[in-house]
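Hi,

Here is the structure I promised to pass along. Please have a look at it first, and then read on for what turned up.

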Amino acid sequence: MMMNKERCIPTATPTAGSFTSEFSTNIKARYQLRDMYGISYDKFIVSATEQKHNDNGFEDFVGLATLLPDTMFLWIGNPANSFRSSNRLNALPENVILTGDMDDRSRTKYFSMSDVYISLSHEESLDPAIIDAVAAGLPLILRDLKRYKYLYFYTYLKGRTISDFVLNINLLKSNPNKKKLWQAKAHKLVDVYCGEARAFVVV
């Protein structure tokens with residue numbers, strides 16, 4: 001499956017485009033956004049994005065933040081309606097940041113302030129946000145879903161349980177060489193879905 005090079009839009013989902021042709025790792029945005037949120041430049045940040053369906057993995061995202069208090073967790077967009085309606089947003093761990101409403105173009109800057117992209121969704125689909133994230137130079141951690149190996153091949157670390165995801169995050173956080181390895185593997189998806197590889201900056 002190829003994406004249109006101009007807008008990098010998946011041909012199967014023409015209304016949900018990826019904007020990889022417009023960005024790569026934005027070092028200026030990385031530091032500006034960290035300053036805006038009061039996050040040190042060396043703090044490890046795990047990012048995820050809002051999904052259109054309710055089962056978007058936000059509960060597990062919060063669970064990871066609770067287990068890894070020395071890591072920042074950036075949720076780009078809004079959590080699931082079920083979580084918002086339960087009034088639990090006031091009890092989120094201090095290391096969780098919610099950006100609120102975010103359009104696709106704006107979210108790409110937030111990928112630049114991050115160190116890894118994680119998707120805890122139970123939905124099996126080609127997600128433009130994943131392509132955006134790898135184009136920004138982020139390694140991937142995805143839920144171990146059967147169809148993902150046909151969509152994303154062997155370009156990502158995978159997990160089934162919270163413990164698996166904790167191990168994967170700690171691996172990338174503690175080992176810069178492993179992080180660079182998985183950045184390079186993930187970035188191959190840009191070539192697969194957009195027809196041409198774009199350079200990214202290792203940070």
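**Salt bridges around one aspartate**

The structure, which is a predicted model, holds six salt bridges. Three of them are worth opening in your viewer, and D115 is a good residue to centre on.

Start with the pair D115 and R30, which form a salt bridge whose closest N and O atoms are 3.1 Å apart. D115 sits in the loop between α4 (104–112) and β4 (116–119), while R30 belongs to helix α1 (residues 27–37), so this pair ties together parts that lie 85 residues apart in sequence. Both R30 and D115 are buried.

Next comes R34, which also makes a salt bridge with D115, again with 3.1 Å between the closest N and O atoms. Because R34 is in helix α1 and D115 in the loop between α4 and β4, this pair ties together parts that are 81 residues apart in sequence. How buried are these two? R34 has 0% relative accessibility and therefore counts as buried. D115 has a relative accessible area of 6%, which is under the 20% cut-off, so D115 is buried as well.

The third partner is K179, whose side chain meets that of D115 in a salt bridge of 3.0 Å, N to O. K179 lies in helix α8 (residues 176–194), so its pairing with the loop between α4 and β4 ties together parts 64 residues apart in sequence. With a relative accessible area of 8%, K179 is buried too. Through shared partners, the salt bridges join R30, R34, D115 and K179 into one network.

**The chain as a whole**

Now for the wider picture. The protein chain has eight helices and six strands. Reading along the sequence, you will meet them in the pattern α-β-α-β-α-β-α-β-α-β-α-β-α-α.

How much of the chain is buried? Of its 203 residues, 51% are buried. The protein chain exposes about 9,700 Å², and carbon and sulfur atoms supply 50% of that area.

Contacts across the sequence can be summarised too. Taking the contacts between residues at least 6 apart in sequence, 64% join residues that are at least 24 apart. The three salt-bridge pairs described above give you specific places to look: D115 with R30, D115 with R34 and D115 with K179.

Happy to go through any of this with you at the screen.

Best wishes

Technical notes: Residues are numbered from 1 along each chain as its sequence is written. This is a predicted model: local features need pLDDT of at least 70, side-chain atom pairs count only at pLDDT 80 or more; totals for chains, interfaces and linings use all residues. Side-chain values use heavy atoms; hydrogens and water are left out. Helices (H or I, at least four residues) and strands (E, at least two) are DSSP runs, numbered from the N terminus. Buried means under 20% relative accessible area, exposed over 50%, partly exposed in between (1.4 Å probe, protein chains only). Contact means heavy atoms within 4.5 Å. Accessible areas come from the Shrake-Rupley method with a 1.4 Å probe; for residues, only the protein chains shown count as cover. A salt bridge is a side-chain nitrogen of Lys or Arg within 4 Å of a carboxyl oxygen of Asp or Glu.
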